[in-house]
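Colleague: Hi, have you got a few minutes to go through this model with me? I'd like to start broad and then look at some details.

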Amino acid sequence: MHTARFPRFLTIRYAKCLIEKCEEGITSDEETIVFDFSGCFFSDPFAITVLVGAMSACLARGKKVHYRTSPNVKLESYLGSIGFYEFGTSPVGQSKFKQRQVELQHLKAIDPTYTDAVIRVLGGYLQMFPGVKASLHLSLNELMTNTFDHSQTIVGCFVCVQGYNRRGKVSICLTDFGKGILRILSSSPKYNFLENSIESIELAVKEGVSSRTGKLAGLGLSHIHKFLEINNGEIHIISGDGWVHWNYAVPGAVQIKRKRLSIAFDGTIVNILARADGEGLYVLASENPEEVIF
């Protein structure tokens, strides 16, 4: 039996530790893997999608998966409400969608109703014209399409959303355990010059960059970046041994931090933090020529 003990805070700040613990469980020779949350007190959508993806990857490899719950009542209540212990499933005819969150989902194909729910959560915090909502809807769908088209993940894509009133943030995280951005892009002759994960992540966010041919592509991450720049939000992308963090908190400027992971993550994580304090009005050029986002 292999036991993976997780830190007190299950957040993007502790991504390196979380990924290492998950990879140890996935690659362990032991038949039974225990995910131990007995020392945990807080979690965000980033950690939730990574953890359930790792559990699913273990199950797909024929391992038995168990967990030890947290003694923290608030954390356990949140994990229950988000669908963590059910891997995103719920009884037929029932929905856990709430104003501040969208339950954890294990997606194996595009689900427009789920994307609708994500946009509803954002709309509950931000004043967005229909065109902006439609553009974000399209961008999120393309991110998931990339997962299903290219990642070759055996466990699909995991998505989770949570709004935080006190912090004035909405957190959206998409995680897959597939090939990773470097292997996906470098497989195309157009991008076979790529040599490392950080370089490939930074290229992937540029408009029009995609390994797909014959149809419109490469808009998802670039459109989301444009929105977050106006919104003064943040985005983390982790793929392979690369981790790049864009912070648009200062209007008109962006801080970019790059890190290398000691243990590569076999897949891609896109973690979005949108400012959600209700200020500002988000419109397209076609809706209001004086305020342009996309």
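Modeller: Sure, here is a walk through the chain, its empty spaces, its core and a few single residues.

Modeller: This is a predicted model, where local features need pLDDT of at least 70, side-chain atom pairs count only at pLDDT 80 or more, and totals for chains, interfaces and linings use all residues. Residues are numbered from 1 along each chain as its sequence is written, and side-chain values use heavy atoms, with hydrogens and water left out.

Colleague: How many helices and strands are there in the chain?

Modeller: The chain has eight helices and 12 strands. Those are DSSP runs numbered from the N terminus, with helices being H or I of at least four residues and strands E of at least two.

Colleague: And what percentage of the residues is buried?

Modeller: Of the 294 residues, 57% are buried. Buried means under 20% relative accessible area, exposed means over 50%, and partly exposed is in between, with a 1.4 Å probe and protein chains only.

Colleague: Now the empty space. How many cavities of 30 Å³ or more are there?

Modeller: Three cavities reach 30 Å³ or more. On a 1 Å grid over the protein atoms alone, a cavity is a set of points where a 1.4 Å probe fits but cannot get out, a pocket is an open set with protein on both sides within 12 Å along at least five of seven lines, and lining residues have an atom within 4 Å of a point. Grid points are joined across faces, edges and corners, and volume is the space filled by probe spheres set on the points.

Colleague: What lines the second largest cavity?

Modeller: That cavity holds about 80 Å³, and its lining includes Leu122, Leu136, Ile172, Phe227 and Ala274. Helix 5 (130-150), helix 8 (220-231) and strand 11 (255-275) each give two or more residues to the lining, and helix 8 has the largest share with three. The lining divides into nine nonpolar residues, no polar and no charged. Here Ala, Val, Leu, Ile, Met, Phe, Trp, Tyr, Cys and Pro count as nonpolar, Asp, Glu, Lys and Arg as charged, and the others, Gly among them, as polar.

Colleague: What about the second largest pocket: how does its lining divide?

Modeller: Into six nonpolar, three polar and three charged residues. The volume of that pocket is about 150 Å³, and among its lining residues are Arg13, Asp44, Tyr164 and Asn271.

Colleague: Back to the interior. Which residues touch the most other members of the largest nonpolar core?

Modeller: Leu122 and Ile235 do, in a core of 43 residues. Such a core is a set of buried Ala, Val, Leu, Ile, Met, Phe, Trp, Tyr and Cys residues joined through side-chain atoms within 4.5 Å. A second, separate core has 40 residues, including Ile19 and Cys160.

Colleague: And what does leucine 122 contact further along the sequence?

Modeller: Leaving aside neighbours within four places, leucine 122 is in contact (heavy atoms within 4.5 Å) with Met128, Leu136, Val170, Ile172 and Ala274.

Colleague: Where does asparagine 232 lie, and is it buried or exposed?

Modeller: Asparagine 232 is in the loop between helix 8 and strand 10 (234-247), and it counts as buried because its relative accessibility is 17%. Its phi is positive, about 65°, although it is not a glycine. Most residues other than glycine have a negative phi.

Colleague: Last one: why does phenylalanine 193 count as partly exposed?

Modeller: Because its relative accessibility is 46%. Phenylalanine 193 is in the loop between helix 6 (181-186) and helix 7 (197-204).
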